[in-house]
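Here are a few short exercises to work through with the model open in your viewer. Try each task before reading its solution.

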Amino acid sequence: MQLDWSALGQVAAVSVGVTVAVVTVFALGVLGLARVEAARGENGTGSSTVGLTQAGLCFVACAAVVGYGIYLIVPQFP
């Protein structure tokens, strides 16, 4: 039995790429929350709609990717 190293390399490359992408999107969500806090600091009780929207979309995207990963890992029973 011969091991196909190129397939292993492809899986490793895709997993590293997806991990970097998810971490980047999550960091953008944290940046959105930081914008909300900065707006509250400037205006007292004001909020930044753009920051909340950015954070919400980023966190939903991260949750979707994690959910899809779990869906792929957990066996699907008929």
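The exercises below concern a predicted model, and each one comes with a worked solution.

**Exercise 1. Check the length of helix H2 against its expected span.**

Start with the residue count: helix H2 covers residues 49-73, which makes 25 residues. Next, apply the rise of 1.5 Å a residue, remembering that the expected span uses one less than the number of residues. That gives an expected 36 Å. Finally, compare this with the model: the end C-alpha atoms of H2 are 36 Å apart, so the two values agree.

**Exercise 2. Find the buried residues of H2.**

The cut-off to use is under 20% relative accessible area. Applying it to H2 picks out Gly51, Gln54, Ala55, Cys58 and Cys62.

**Exercise 3. Describe the largest pocket and its lining.**

First, take the volume: the largest pocket holds about 190 Å³ of space. Second, list the lining, which consists of Ser15, Val18, Thr19, Val22, Val65, Val66, Tyr68, Gly69, Leu72 and Ile73. Third, assign these residues to helices: H1 (5-43) and H2 each supply at least two, and H2 gives the largest share, with six residues. Last, sort the lining by chemistry: seven residues are nonpolar, three are polar and none is charged.

**Exercise 4. Is glutamate 37 buried, partly exposed or exposed?**

Begin by locating glutamate 37, which sits in helix H1. Its relative accessibility is 49%. Because exposed requires over 50% and buried under 20%, glutamate 37 counts as partly exposed. To finish, look along the chain to serine 48, eleven residues away: the C-alpha atoms of glutamate 37 and serine 48 are 8.2 Å apart.

Note on methods: Residues are numbered from 1 along each chain as its sequence is written. This is a predicted model: local features need pLDDT of at least 70, side-chain atom pairs count only at pLDDT 80 or more; totals for chains, interfaces and linings use all residues. Side-chain values use heavy atoms; hydrogens and water are left out. Helices (H or I, at least four residues) and strands (E, at least two) are DSSP runs, numbered from the N terminus. Buried means under 20% relative accessible area, exposed over 50%, partly exposed in between (1.4 Å probe, protein chains only). On a 1 Å grid over the protein atoms alone, a cavity is a set of points where a 1.4 Å probe fits but cannot get out, and a pocket is an open set with protein on both sides within 12 Å along at least five of seven lines; lining residues have an atom within 4 Å of a point. Grid points are joined across faces, edges and corners, and a volume is the space filled by probe spheres set on the points. Ala, Val, Leu, Ile, Met, Phe, Trp, Tyr, Cys and Pro count as nonpolar, Asp, Glu, Lys and Arg as charged, and the others, Gly among them, as polar.
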